Amino acid sequence: MTDGDEQPSMGTAVAQKSHILSPQAERSAHATGKVGMILFLASWAMMFGALFYSYGILRARAPMWPPSGVPEAPLVVPAIITVMIIASSVMLEQGRKALTAGNLHLFQRMLIGAVVLGVLFLTLQSQVWMDLWTAGLRIDTAGRFGSIFYFLTIFHAIHVVVGLCILSWMLRTVPRLDTPIARYARAQYAAWFWHFVSIVWLIIFPLVYVY
Amino acid sequence: MGIQAEYQDLQPVHHTPTKFFYKYLWSTDHKVIARQFLWGGLIFLALGGLQAMFIRWQWAFPGEPVPVLGEIFFGDSGGVITPGHYTSLFTSHGLIMIFWAITPLMIGAFGNLTIPLLIGARDMAFPRLNAASFWTWALSGVMVLTSFMVPYGTAAGGWTTYPPVSGNVGSPGWGQSLFVLALFTTGTATIMGAINYTTTTIRLRAPGMTWMRMPLTVWGQFLTAALNVLFVPVLAAAGILLLLDRWFGTSFYVAGALSGGAAGDPILFQHLFWIFGHPEVYILILPAWGFVGDFVSYFSRKPHYWYKGSVYSMTAVTILSAVVYGHHMYTTGMSPLLGKSFMLLTLIISVPAELLFLNWLHTMYHGSMRKTVPMLFALGTIFVFGSGGLTGLPLATISTDLYLHATMFVVGHFHLTMASAAFLGTFGAIYYWMPKLFGTLANERLAKWHFWFSFIGLNGVFIGQLISGYAGQPRRLYDPFQYAFTEHLLGINQITSYFAFFLAFGQIFFVINWFKCVFGKKGACPDNPWGVGTLEWTVSNPPPVYNFAEIPTVYRGPYELSNPEVKEVLGRDWLGQAEIWPPEPEAPFEQSESEASK
């Protein structure tokens with residue numbers, strides 16, 4: 001059997017590399033992508049959920065929280081970066097709306113704004129880590145408190161880095177896509193991931209800095 | 001544009017790959033990926049099975065050199081299984097069987113093979129993710145095999161990997177780290193696959209394939225995938241924390257003298273592990289329930305009894321499985337109120353499970369049974385799952401569990417449900433879909449021998465374990481007969497071990513059959529050997545890369561069997577899901593009507 005024979009003969013289009021979808025099919029593909037993205041984020045949310053659960057168990061079963069002798073965590077800088085990450089999410093959402101309206105330029109500017117805020121977030125967060133580290137909150141001596149504090153914040157920061165990479169990549173790739181639906185879809189997936197990272201921070205912030 | 005054209009536009013037909021690399025290695029065709037998973041899973045199944053035989057040898061003849069194979073595997077100790085070997089054996093046996101044998105076979109291979117074919121899709125929703133999933137899994141397999149070769153050997157902290165045994169002090173060296181890393185990697189692969197299966201089932205069902213027209217196999221795979229998406233990340237979280245403890249000196253799980261005063265909490269690991277672990281046991285059985293639900297209907301030539309009830313039961317079990325994990329931890333000093341709540345929820349699971357059983361029995365009742373190979377395997381699955389399920393009740397009940405906890409009774413129970421039922425279900429599926437996999441039917445005589453050896457062997461082994469466990473034999477002991485109260489159990493352990501060797505011997509029939517099917521001369525295989533109406537049997541054996549030249553429109557559920565009207569008109573007792581009924585007016589239908597009017 002040759003390869004030619006294996007293709008169906010009833011006039012079904014054989015996909016080429018440049019197969020162009022009809023608008024309906026493209027919307028349908030976007031919907032499929034959304035389902036996949038929701039599942040992916042649900043999966044990741046369960047991972048963070050498990051980590052928050054760990055936090056709860058470690059804290060509930062600790063004799064004292066925070067343990068005596070650990071330096072007090074700052075409140076002002078973390079509050080500022082919380083505002084920053086919310087602002088970046090809002091900007092991204094504005095950009096996404098602009099893209100729906102066909103305003104690619106505004107989308108790009110909003111995206112740049114979100115990336116800048118994200119970088120600032122990381123910078124200030126590193127400052128908090130360094131301050132606490134020099135004040136004596138060490139992983140090896142502060143026990144479960146130090147472990148879960150550094151782990152939650154660093155693990156989140158890794159997600160911020162990944163989110164920033166995705167957003168920067170969007171800056172390059174979205175304008176190059178052919179159709180409005182494809183652009184919108186790509187931007188939406190990236191924005192969802194960034195919002196997810198923001199929401200996770202909104203849980204981490206009160207857990208480790210406030211309460 | 002009609003809905004059908006839209007579906008076809010969304011799922012364009014791809015060129016059949018011709019280069020070796022794209023055809024066999026980086027193939028995005030779900031059927032090729034299914035075969036890759038099948039091969040990988042079977043190899044690991046053989047490895048895990050061999051380990052089980054060594055463990056059984058040790059329990060029947062403690063401290064005696066293993067004949068023939070001992071020199072190869074335990075050469076440094078003269079063929080004797082040392083305590084070090086033994087702990088590694090039972091640890092890696094459990095992990096390998098769950099994550100590198102059953103998961104790829106049942107979910108990787110048959111999820112991939114069946115979902116698109118049975119719902120009328122041309123491929124998975126994300127084909128490249130699918131290929132990446134297999135190769136990630138393969139990478140994790142390499143990590144497992146590597147862990148056997150590093151200094152201090154592979155993981156030896158029990159399959160549950162509880163700290164502190166799995167911590168730096170309990171298990172020094174790279175073996176345990178590699179194994180946890182491999183678990184993390186295979187978890188990633190599982191999530192990739194699960195996202196794919198779930199999305200495919202939600203989005204790519206052919207026109208007319210409503211949720212309540214899906215074969216139960218697809219339901220089983222779909223619910224499994226949903227559980228995988230949600231609960232494997234919890235294991236990943238537990239694994240990350242363990243690795244941080246091992247590598248970076250954090251103290252999540254380290255307590256007491258090991259931690260130098262700043263303590264963590266080893267019980268935390270048990271919580272995380274079982275939040276994942278309990279859904280996992282349903283992950284390993286739901287696909288088999290799906291197969292069984294389909295096979296009992298197809299081979300009793302009757303529609304599945306109360307199909308919707310079975311779907312609801314499976315869904316209910318899926319949901320309940322997420323809230324019962326505490327029954328693994330009754331002995332950790334859990335609050336009695338919490339323990340009782342978990343006990344109640346656990347016992348409630350038996351209600352939908354019971355319903356499912358009744359549906360299977362009702363389906364067979366007054367059916368015209370065909371004792372084909374898949375049907376035998378389905379009946380075997382029902383039997384072993386039934387006995388495994390019944391022995392689960394005393395383990396779910398706190399008062400009896402306190403006695404039975406960590407005895408061989410537990411081992412026998414979960415091997416009957418997870419291992420035997422998954423084993424028989426998977427092999428039933430392999431024989432059933434062999435035409436779709438390799439374009440030929442398996443040799444029936446060999447397959448039946450394989451079934452009887454496996455069925456008798458599995459029951460013998462695990463019922464033997466139930467008995468010795470009930471008599472008080474603790475699990476995991478290197479020499480279980482060192483105590484006065486277990487001395488007399490040597491006899492029953494030896495009988496159990498003989499059953500195990502009998503089981504292993506029976507697998508030869510499968511190996512012969514397998515190589516004949518894959519590499520042997522392919523005989524003519526009928527397009528629809530089992531006479532059922534699901535979509536996969538409307539295409540050739542094995543199907544072309546694009547599955548369906550034209551995406552079918554579905555008109556009815558999968559169990560249109562033994563309908564007298566269909567029999568009268570078409571001369572066969574089944575009707576395809578995508579067949580138009582009544583057939584176009586011209587031929588037989590009008591005749592029969594005119595005959596009736598005479």
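What span should the 31 residues of helix 6 of chain A have at 1.5 Å a residue, and how far apart are the end C-alpha atoms of this helix? In the predicted model analysed here, helix 6 comprises residues 180-210 of chain A and should span 45 Å, while its end C-alpha atoms are 43 Å apart, so the two values agree. The helix nevertheless bends by about 30° at A:I204. A proline, A:P206, follows the site of the bend within four residues.

Helix 6 belongs to a chain built from 6 helices and 0 strands. The order of elements along the sequence of chain A is accordingly written α-α-α-α-α-α. Along the principal axes, the C-alpha atoms of chain A fill a box of roughly 75 × 45 × 25 Å. The radius of gyration of chain A is 22 Å, whereas a compact globule of 211 residues would have a value near 17 Å. Of the 211 residues of chain A, 31% count as buried. When contacts in chain A between residues at least 6 apart in sequence are considered, 77% of them join residues at least 24 apart.

The association of the two chains was examined next. The contact between them involves 46 residues of chain B and 41 residues of chain A. On the side of chain B that touches chain A, two or more residues are contributed by each of helix 1 (3-10), helix 7 (174-203), helix 8 (216-248) and helix 9 (266-283) of chain B. Helix 8 of chain B gives the most to this side, with 10 residues. By residue class, the side of chain B that touches chain A divides into 28 nonpolar, 13 polar and 5 charged residues.

Nonpolar packing was then considered. In soluble globular proteins, nonpolar side chains tend to be buried together. The largest nonpolar core in the model has 220 residues, and the members that touch the most others are B:V234, B:L272 and B:A422. For B:L272, with neighbours within four places in sequence left aside, the contacts are A:A50 and A:S54 of chain A, together with B:V234, B:A237 and B:A238 of chain B. Another core, of 6 residues, lies apart from the largest one and includes B:F54, B:W57, B:I81 and B:Y86.

Several backbone features fall in loops. Most residues other than glycine have a negative phi, and most peptide bonds are trans. In chain A, the peptide bond joining A:W65 and A:P66 is cis, with omega about -5°. A:P66 is placed in the loop between helix 2 (23-60) and helix 3 (76-100) of chain A. In chain B, a cis peptide bond with omega near 5° runs from B:P163 to B:P164, and B:P164 lies in the loop between helix 6 (127-147) and helix 7 of chain B.

The loop between helix 6 and helix 7 of chain B also holds B:Y152 and B:T161. B:Y152, although not a glycine, has a positive phi of about 70°. Phi is likewise positive in B:T161, a residue other than glycine, with a value near 55°. The surroundings of these residues were assessed by counting C-beta neighbours inside 10 Å. B:Y152 has 13 such neighbours and therefore counts as partly exposed. B:T161 counts as buried because it has 24 C-beta neighbours inside 10 Å, the cut-off for a buried residue being 20 or more.

Terms used: Residues are numbered from 1 along each chain as its sequence is written. Chains are lettered from A and ligands numbered from 1 in the order in which they are written. This is a predicted model: local features need pLDDT of at least 70, side-chain atom pairs count only at pLDDT 80 or more; totals for chains, interfaces and linings use all residues. Two residues are in contact if their C-beta atoms, placed from the backbone, lie within 7 Å. Ala, Val, Leu, Ile, Met, Phe, Trp, Tyr, Cys and Pro count as nonpolar, Asp, Glu, Lys and Arg as charged, and the others, Gly among them, as polar. A nonpolar core is a set of buried Ala, Val, Leu, Ile, Met, Phe, Trp, Tyr and Cys residues joined through C-beta atoms within 7 Å. A residue is buried if 20 or more other C-beta atoms lie within 10 Å of its own, exposed if 12 or fewer, and partly exposed in between; C-beta atoms are placed from the backbone. The radius of gyration is taken over C-alpha atoms; the globule rule is 2.2 Å times the number of residues to the power 0.38. The expected span of a helix is 1.5 Å times one less than its number of residues. The bend at a residue is the angle between axes fitted to the seven residues ending there and the seven starting there.
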